[in-house]
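This report is for a reader meeting the structure for the first time. It begins with one helix and then turns to confidence, cores and contacts.

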Amino acid sequence: MTKTDLTLSGAPSRRAVLGALGAGAAVLAAPRLVRAQEGTLVVSNWGGDWNERTIRFVEAPLVESRGIKIIRDLGMEPERKAKLIAEKRLKRGTIDVIHINEGDSVELNAQDVLSDIDFAKVPNYADVVPALKSKPFFVPWLYSGVSIIYNKDKVPNPPKSYEELWDKKWAGRIGLTNQLYFNYIMMAGLIKGGNVTNTEQGKERLIQLKELTQPRIYAAHQQLGAGLVNGEVDIAVNYKARGLQWANDGAPLAIQYPSEGAIAVMFGAALPKRAPSPDLAYIYFNAMLDRKAMAGLAGASFYAPANAKAELTDELRAKVDFTAAQAAALKFPDYAHVAKNTAEWLEWWNKNIAR
């Protein structure tokens, strides 16, 4: 995913927020709104290769092939979320399906803009990994975990846990990205027998990590990946899927699952309360979870599929998914806790770590 991985992985700048709010205001002020006609579905999604894969494996073969016209409303999540929130004042909205991450779904549900989903209308949902079925307003799609990614030519004995990163021998060799700032706070809270809500101690430990190792901080995933490939850093803490993407491009990288259990990240979709074509949205949700489509997406993106019966080869499943023990150890963030604290955490991160 090119972002775009995130509001789960980051927060917008003040300029982005103001721009997004302006975009939302424009939605309300516009005399004409794009409305779905009969047989038309409006899908809000990220752009780039994420959207290209969505079209290739889901939309074209399983939705548009049925004669449903898809209008794609593409952009970064701050603007797309602001638009949806602005439309809550309207009798009828303009978006039928919104692609978001799990954290954003919790935020938007708190804003009262998402409908609970009737999963009886999504037959493929029955095959979703049970641990991912946590929210009535969110369709899980693809997931991964925050893992330790390392250059296997330079790091023959990689850290086996998050905690082992706190070692002077890694000074100048670790790369982090601003986009995962609150994942790192949770990671630091998780060590020494903690949990993902132990974030005050997490902040203290991140300051210790900075003092011990002086990690190089990158603006976004792409820059971190480039730094890992060109030798600026030898170890990165990022999504397993990201590491697999970079390795697939030829970099000598390997993945270490942290012994504490990786912090989970999940992407999916939701149904806006004022969706003009909710019946078509249900067709779309079921297509997202199609076994063959999920296999294609996993092979192209290296994210694990939410559908446990996705038609992956044994080799691909071993690469992108988690063992039973690893899956059981995944740490799913408490996004209610995140929502209450993320603005303060970002300010703290920028002041104490990113600078």
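## Helix α9

The model is predicted. In helix α9 (residues 278–288), 8 of the 11 residues are buried, so the helix is largely enclosed by the rest of the structure. The buried residues of α9 are L280, A281, Y282, Y284, F285, N286, A287 and M288.

F285 has contacts away from its own stretch of sequence. Leaving out residues up to four places away in sequence, F285 touches V97, I117, V122, V139, A269, A270 and L271.

## V58 and its link to α9

V58 lies in helix α2 (residues 48–63). V58 has a relative accessible area of 0%; the cut-off for buried is under 20%, so V58 counts as buried.

V58 and A287 of α9 are 229 residues apart in sequence, yet their C-alpha atoms are 6.1 Å apart in space. When residues up to four places away in sequence are not counted, V58 touches R53, V63, W141, A287, M288, A293 and L297. Two of these contacts, A287 and M288, are among the buried residues of α9.

## Helix α5

Helix α5 covers residues 181–190, and 10 of its 10 residues are buried, so α5 too is largely enclosed by the rest of the structure. They are Y181, F182, N183, Y184, I185, M186, M187, A188, G189 and L190.

What do the buried residues of α5 pack against? Their partners include strands and helices: β4 (139–151), β5 (174–177), β7 (235–239) and β9 (263–270), along with α6 (199–213) and α13 (335–354). Just after α5, K192 takes a positive phi of about 60°.

## Nonpolar cores

In soluble globular proteins, nonpolar side chains tend to be buried together. In this model, the largest nonpolar core has 100 residues, and L41, L206 and F285 have the most contacts inside it. The largest share of this core comes from α5, with 8 residues. A second core, separate from it, has 9 residues, including V233, A236, W246 and A251.

F285 thus appears in two roles: it is one of the buried residues of α9, and it is among the residues with the most contacts inside the largest core.

## Confidence

The mean pLDDT of the chain is 90, and 89% of the residues reach 70 or more. Over residues 1–37 the pLDDT is below 50, although this stretch has 90 contacts in the model beyond near neighbours in sequence. Where pLDDT is low, the predicted coordinates should not be read in detail.

Terms used: Residues are numbered from 1 along each chain as its sequence is written. This is a predicted model: local features need pLDDT of at least 70, side-chain atom pairs count only at pLDDT 80 or more; totals for chains, interfaces and linings use all residues. Side-chain values use heavy atoms; hydrogens and water are left out. Buried means under 20% relative accessible area, exposed over 50%, partly exposed in between (1.4 Å probe, protein chains only). Helices (H or I, at least four residues) and strands (E, at least two) are DSSP runs, numbered from the N terminus. Contact means heavy atoms within 4.5 Å. pLDDT is the predictor's confidence in each residue, from 0 to 100. A nonpolar core is a set of buried Ala, Val, Leu, Ile, Met, Phe, Trp, Tyr and Cys residues joined through side-chain atoms within 4.5 Å.
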